[in-house]
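Please walk me through this structure, one feature at a time. I have not looked at it before.

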Amino acid sequence: MDSTQLVLLALLAGMIVGVAVALLIALALRARDRSLAEGSSHIPDGVHAVLRGMEDTAVVVDASSTIVAASPAADMFGMHEGEVLPSPELRALARGARMTGLAHTETLRLGRSATFAPTRLVSARASAVTPRLVLMVVRDITERERVEEMRRDFVANTSHELKTPVGAVMLLSEAIESAADDPAQVRAFAGRLHAEASRLGQLTGRIMSLSRLQASDELAEVRDVPVDQVVAAAAEAQRTQADAARVELVRGGERGLYVRGDAQMLSEAVGNLVANAIAYSPAGSSVGIGVKAVDGVVEIAVTDRGIGIAEGEQQRVFERFYRADQARSRRTGGTGLGLSIVKHAVDRHGGDVRLWSRPGQGSTFTIRLPQAEAPPKNPHKRKARSRAASESAAAPAAVSNGEPR
C-alpha cells in the first residue's frame with residue numbers, strides 16, 4: 001500500500017471518528033436538555049399573562065404540588081404562590097396528569113378560604129404544560145348545579161301539584177254525571193268541583209307569577225312607592241280571609257315612608273305574608289303589620305301568634321311548594337308558592353326577607369327594602385291648603401262683627 005492510499009485511509013478513519021464524536025456530542029446535549037427540561041420548573045413565557053386575564057381559578061404546580069403561578073381568583077380557594085395545593089384531591093389529579101401526559105377532569109367539592117364559608121362544587125381540569133409543570137383550572141359550578149336542581153324540582157313538584165286538583169275535577173265530574181237524578185248530590189259535588197277549580201286556578205296563577213318574576217332581572221315599572229299604600233292594599237286584599245278566620249289585622253309603626261319599586265309587586269309580596277299569617281293563626285288572635293326605618297332600610301314585619309316553624313325547616317320555607325304544615329295547607333288550599341314569590345319579589349327590589357320563629361310562639365317575616373326619599377309635595381296643593389286655612393281663620397272674626405261670610 002503506497003503513501004497515497006494510507007493518507008486516504010487515515011482521512012476516512014478521521015471522518016468516521018469525527019462524525020461519531022459529533023453524534024455522541026449531539027446525543028449528550030439532547031439528553032442534557034431533556035434532563036434539564038424534566039427537572040426544570042421554569043414557567044413558559046406568557047403563562048403569567050394568561051393567568052392574570054382568567055376569571056376562573058387557575059394555578060400552575062410543580063412536581064411537589066407547589067403552586068408556582070396563580071390567577072387572581074385562586075385566592076378564593078386559598079391557593080397562593082409558594083404554597084402546596086390545599087386539597088388532596090387536586091394533588092392526586094395533578095399527579096395523574098403529570099404521569100400520563102393526558103388531561104384529567106374531576107368534579108369535587110372544595111372549601112373556600114373564608115373560615116365559615118360553605119364548600120363549593122367545582123369542575124377541576126389538570127393538563128401537563130411541561131414534564132414537571134401542570135396547569136390546573138378550577139371552575140365553580142355550584143350555582144349552575146343549583147339552578148339545574150331547582151329546575152328539576154320545579155318541574156316535578158308542579159306536575160305533582162297539578163295532578164291532584166286535575167284528578168279531583170275529573171272524579172267530581174264523573175260523580176255529577178252518575179248522580180244526575182239526585183239534585184242534592186249534584187249541588188254537593190258541584191260545590192266541591194268549584195273549590196277544586198278555584199284551587200287549580202290559584203295554583204296556575206301563582207306559577208305564572210313566579211315565572212314572570214324569574215323571567216327578567218328588571219322591574220317593569222319603577223317609581224317612588226308609599227309604604228302606607230302597599231300595606232293598606234295588602235291588608236285590604238286579605239280582609240275577607242281574616243274575617244272568615246276571625247283573625248284581627250293590626251297596623252302599627254311609622255308612617256310616610258317610601259321605597260323605590262313596583263307598587264303592585266310589593267303589595268302582592270306583603271299580601272302573601274299576611275295571608276300566610278292568617279292561615280296559620282288560631283281564631284281570635286291577631287296578625288300585626290309593623291313598619292319602621294332603620295339606617296336607610298325600610299322594614300315591613302308581619303307577625304302572627306300561630307304554630308311557629310321549627311329551626312330545621314326555617315331555611316326551606318322559601319322553597320317552591322314547601323309547606324311547614326302539610327295538613328293545614330291542604331285545609332286552607334295553600335299552594336306552597338307564596339313565600340317563594342315573596343323572596344323573588346323582594347330580591348328584585350334589592351332587598352331581603354328575614355324570618356324569626358319559635359314553635360308554639362309564632363313567626364315574624366320581615367321584608368327589608370332600601371329606603372327612598374319622600375317626593376316633594378305639590379306646591380299648588382300647599383298654597384290651596386294655606387289659603388283655605390287663612391279663610392277659615394278669618395271666618396270667626398267676620399261672624400263676631402255681624403257681617404255675612
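In this predicted model, helix 8 and helix 10 cross in the left-handed sense. Two packed helices are described by the angle between their axes and the distance between the axes. Here the axes of helix 8 (residues 263-279) and helix 10 (residues 338-348) come within 9 Å. They cross at roughly 145 degrees. From helix 8, the contact uses Met265, Ala269, Asn272, Leu273 and Asn276. Helix 10 brings Gly338, Leu339, Ile341, Val342 and Ala345. By class, 7 of these contact residues are nonpolar and 3 are polar. None is charged.

Helix 8 also leads to the next feature, a cavity. The whole structure holds 2 cavities of 30 Å³ or more. The largest encloses about 60 Å³ of space. Its lining includes Ala269, a residue of helix 8 that also takes part in the contact with helix 10. Val227, Val230, Leu266 and Val270 are among the other lining residues. Helix 6 (227-237), helix 8 and strand 12 (362-372) each give two or more residues to this lining. Helix 8 gives the most, with 3 residues. The lining has 10 nonpolar residues, and no polar or charged ones.

Now turn to a sheet. It is open, has 5 strands and follows the order 2-1-5-4-3. The pairing is antiparallel. Strand 2 (67-70) and strand 3 (104-110) are the edges, each pairing on one side only. On average, neighbouring strands are turned by 25 degrees against each other, direction ignored. Strand 1 (residues 57-61) pairs with strand 2 over 3 bridges, in the antiparallel sense. At one bridge, Val61 has Ile67 of strand 2 as its partner.

Conventions: Residues are numbered from 1 along each chain as its sequence is written. This is a predicted model: local features need pLDDT of at least 70, side-chain atom pairs count only at pLDDT 80 or more; totals for chains, interfaces and linings use all residues. Side-chain values use heavy atoms; hydrogens and water are left out. Axes are lines fitted to C-alpha atoms, for helices over the stretch in contact, and angles run from 0 to 180 degrees between N-to-C directions. Helices (H or I, at least four residues) and strands (E, at least two) are DSSP runs, numbered from the N terminus. A crossing is left-handed if the near helix is turned anticlockwise from the far one by less than a right angle, and right-handed if clockwise. Contact means heavy atoms within 4.5 Å. Ala, Val, Leu, Ile, Met, Phe, Trp, Tyr, Cys and Pro count as nonpolar, Asp, Glu, Lys and Arg as charged, and the others, Gly among them, as polar. Two strands pair if DSSP finds at least two bridges between them. On a 1 Å grid over the protein atoms alone, a cavity is a set of points where a 1.4 Å probe fits but cannot get out, and a pocket is an open set with protein on both sides within 12 Å along at least five of seven lines; lining residues have an atom within 4 Å of a point. Grid points are joined across faces, edges and corners, and a volume is the space filled by probe spheres set on the points.
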